[in-house]
Amino acid sequence: MNLIEVIERFPTQESCIEHLEGIRWRGNPYCPHCGSVKIASKNESQADGKVGRTGRYNCHDCHASFKVTCGTLFHGTKIPLQKWFLAISLILNAKKSLSSCQLSRDLELNQKTAWRIETCIRAEMTKETSATLLQGIIEADETYIGGKPRKRNKQDDREPSKRGKGTNKTPILGAVARGGQVVAEVATELTGRAIYNFIQRHVNVKESELMTDEFHAYREIGRQMKHHVVNHSEQFVDGETHTNTIEGFWALIKRAWYDSHHHYKVEYTPLYVAEACYKYNNRKNKKVFDKFVNQSMIIA
């Protein structure tokens, strides 16, 4: 869903609240604190258009005051829901991600507020990517996030930026099913045991074939499933044996780093990786906006 569609579909705060109430309560509102259906509406719009008591309810049993957003992605927000919806649309449509500075300009928000909104949205995306199980022809690989892009001018006599192992960059492990979904996560170490555990968690080993490069750490998991290796020092494709799909996914993550964000702290790296996975896994879903909003209203 693009920005024009969001504005046309949700022109007011009331229309946004009505949509969320339809998702969560389906015409039968209840108190999220005690589950009681003995509630009364306290709707009261503010003249200046800011978020006020619109959509607020009182519970006659536990005497709590609540909104449909209680306990969800939008809990306690003072930002109009229309801006939240626009932010979701912008992030989902940004192939190379979206910086908080850009979002703050697009939605007329403070940069810190825009960053918080983006962080909440990315955290919501982690819930789906962590449950993905791959099957079929699986390409696995590792990469590193951070630093500067490699120098392209071969005549530059300055020492090029060091790459990969031995740097302070953040290691990322990933696996993708050809034509299907991808999983990726920050790795504490790139050992055979770490890769073995990663593949066992995210891949149906018995029903899959593994494609990797010649990195020795894949040998342990290669003993548990069909394993094909392409030696990148000699060639990048050997018939059906290649890792081009996962390499393409790494390109999306790195372009987001170099082009949009330039830098983010290591502790937030899992959120940016989850964002890339979520958008890749829903790349063919034309209703990904509705899917995301619906999932954000599910209370565990």
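## A buried aspartate

D141 counts as buried because its relative accessibility is 3%, and the cut-off for buried is under 20%. Keep in mind that this is a predicted model. So where does D141 sit? Its place is in strand β4, which covers residues 134-145.

Which side chain makes a polar contact with the side chain of D141? It's W250, with 3.2 Å between the two. Now leave aside the neighbours of D141 within four places in sequence: D141 is then in contact with I172, L173, G174, D213, Y218, I246, E247 and W250. Two of these names, I246 and W250, come back below as buried residues of helix α8.

## The strand around it

Let's zoom out to the whole of β4. This strand is mostly covered, with nine of its 12 residues buried. On one hand, β4 runs antiparallel to β5, and eight bridges join the two. T143, for example, stands opposite I172 in β5. I172 is also one of the residues in contact with D141.

On the other hand, β4 pairs with strand β7 (residues 203-212) in the parallel sense, over five bridges. Here I137 has E209 of β7 as its bridge partner, and I138 stands opposite L210.

## The sheet

How are the strands ordered in the open sheet? Five of them line up as β6-β5-β4-β7-β8, and the pairing is mixed. At the edges you'll find β6 and β8 (226-229), each of which pairs on one side only. On average, neighbouring strands here are turned by 25 degrees against each other, if you ignore direction.

Helices lie against this sheet too. Helix α6 (residues 192-202) lies across β4, β5, β6 and β7, and runs at about 130 degrees to β7. Then there's α9, which packs on the sheet and touches β5 and β6; the direction of α9 makes about 175 degrees with that of β6.

## Helix α8, home of W250

The polar partner of D141 leads us to α8, which spans residues 244-261. This helix has 18 residues and reaches 25 Å from its first C-alpha to its last, close to the 26 Å expected at 1.5 Å a residue. Right after α8 comes H262, whose phi is positive, near 70 degrees.

Which residues of α8 are buried? They are I246, F249, W250, I253, A256, W257, Y258, S260 and H261. And what do they pack against? The list is α5, β4, β5 (170-177), β6 (182-186) and α9.

## Another covered helix

Helix α10 (residues 288-296) has buried residues as well: V288, F289, D290, F292, V293 and S296. Their cover includes α1 (3-9), α2 (13-24), α3 (81-93), α5 (111-129) and α9 (269-281). Two of these, α5 and α9, also pack against the buried residues of α8.

## The whole protein

Time for the big picture. The protein has 10 helices and 10 strands. How much of it counts as buried? Of its 300 residues, 47% do.

Now take the contacts between residues at least 6 apart in sequence: 63% of them join residues at least 24 apart. As for the outside, the accessible surface of the protein comes to about 16,500 Å², and 48% of that belongs to carbon and sulfur atoms.

Definitions and conventions:
Residues are numbered from 1 along each chain as its sequence is written. This is a predicted model: local features need pLDDT of at least 70, side-chain atom pairs count only at pLDDT 80 or more; totals for chains, interfaces and linings use all residues. Side-chain values use heavy atoms; hydrogens and water are left out. Helices (H or I, at least four residues) and strands (E, at least two) are DSSP runs, numbered from the N terminus. Buried means under 20% relative accessible area, exposed over 50%, partly exposed in between (1.4 Å probe, protein chains only). A polar contact is a pair of N or O atoms within 3.5 Å; within protein, one must be able to donate a hydrogen and the other to accept it, and residues adjacent in sequence count only if both atoms are side-chain atoms. Contact means heavy atoms within 4.5 Å. Accessible areas come from the Shrake-Rupley method with a 1.4 Å probe; for residues, only the protein chains shown count as cover. The expected span of a helix is 1.5 Å times one less than its number of residues. Two strands pair if DSSP finds at least two bridges between them. Axes are lines fitted to C-alpha atoms, for helices over the stretch in contact, and angles run from 0 to 180 degrees between N-to-C directions.
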